[in-house]
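Grab a viewer and work through these short exercises. Each one gives a task and then a step-by-step solution.

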Amino acid sequence: YEDAVAHFRLALARAPGNDLANRGLGDAYARLNRFPEAEAAFRTAIAEHPGYAAGYSWLGAFYNQRSCYVQATDAFRNVVRLAPDSFRGYSNLGGALVNAGDYSEAVRVLEKSLAIRPTDAGLNNLGVADLSLHRFAEAAGVFQQALSFGPRRYSIWGNLGQARYFAAGLRPEARTAYRQAVTLAQQELRTNPRDAKVAANLARYSAR
């Protein structure tokens with residue numbers, strides 16, 4: 001990540017205002033836990049092109065990862081303001097609303113995303129909203145649908161395991177989902193052993 005910072009700074013010295021370089025610089029700083037500098041890079045991208053929705057999307061993702069959910073929600077609202085047909089923008093906004101605890105609004109926003117284009121990310125976020133509303137059987141069905149788009153995301157398998165664990169009559173099926181989540185999470189950790197989020201989720205799935 002230190003090398004990435006150096007290269008992105010060089011890119012910006014040669015091409016000031018380059019959106020992808022600012023995004024990369026922000027991501028690299030965030031990986032190094034240099035959060036004020038990461039935020040500044042994302043905000044620079046927005047200031048350079050304030051009508052470009054992607055800049056707000058990058059900032060929203062940064063806030064979401066930092067558990068700054070109110071700020072993330074504000075950023076993603078700007079995304080859908082600038083790109084009202086963005087299924088990804090509504091999906092990200094819905095995910096931030098779930099994290100902020102506004103589950104009913106999240107469901108409404110996520111259903112709008114899925115009406116534009118169904119995706120595994122949108123379905124996963126909707127499933128998490130259903131989980132938070134204790135609609136466990138409905139959540140299990142949504143996660144199962146999300147896996148039809150591609151069965152390689154460990155987090156969706158983990159979410160499916162959680163939904164089955166709490167849904168009436170589905171707990172015996174939770175073990176299969178958790179085992180798949182464990183297998184895929186272990187593969188991710190082999191790629192990046194420093195990913196604390198994956199390690200924490202792996203521990204939770206293994207315990208279940």
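**Exercise 1. Find which residues T119 touches, leaving out those up to four places away in sequence, and decide whether T119 is buried or exposed.**

Keep in mind that this is a predicted model.

Step 1: With residues up to four places away in sequence left out, T119 touches F87, L114 and F149.
Step 2: Now place T119 on the chain: T119 sits in the loop between α7 (103–116) and α8.
Step 3: The cut-off for buried is under 20% relative accessible area. T119 has 13%, so T119 is buried.

**Exercise 2. Check the span of helix α11 against the expected value, then list its buried residues.**

Step 1: Helix α11 covers residues 171–191, which is 21 residues.
Step 2: From first C-alpha to last, α11 reaches 31 Å, close to the 30 Å expected at 1.5 Å a residue.
Step 3: The buried residues in α11 are A174, A177, Y178, A181, V182, L184, A185 and L189.
Step 4: What covers them? The cover includes α10 (154–166) and α12 (196–207).

**Exercise 3. Take the salt bridge between E39 and R43 and work out where its two ends lie.**

Step 1: The closest N and O atoms of E39 and R43 are 3.5 Å apart. For a salt bridge the cut-off is 4 Å, so this pair makes it.
Step 2: Both residues belong to helix α3 (residues 35–48), four residues apart, or about one turn of the helix.
Step 3: E39 has 26% relative accessibility, so E39 counts as partly exposed. R43, with a relative accessible area of 44%, is partly exposed too.

**Exercise 4. Do the accessibility check for two more salt bridges, R153 with D120 and R135 with D130.**

Step 1: As background, side chains of opposite charge can pair when their charged atoms come close.
Step 2: The side chains of R153 and D120 meet at 3.8 Å, N to O. This pair links distant parts of the chain: R153 is in the loop between α9 (136–147) and α10, D120 is in helix α8 (residues 120–132), and they are 33 residues apart.
Step 3: R153 has a relative accessible area of 31%, so R153 is partly exposed. D120 is partly exposed at 21%.
Step 4: For R135 and D130, the closest N and O atoms are 2.7 Å apart. R135 counts as partly exposed at 33% relative accessibility, whereas D130 counts as buried at 5%.

**Exercise 5. State how many salt bridges the structure holds.**

Solution: Counting through the model gives seven salt bridges.

Notes
Residues numbered from 1 in each chain as written. Predicted model: local features only at pLDDT ≥ 70, side-chain atom pairs only at ≥ 80, totals over all residues. Heavy atoms only, no water. Expected span 1.5 Å × (residues − 1). Buried < 20%, exposed > 50% of the residue type's maximum accessible area, 1.4 Å probe, protein only. Contact = heavy atoms within 4.5 Å.
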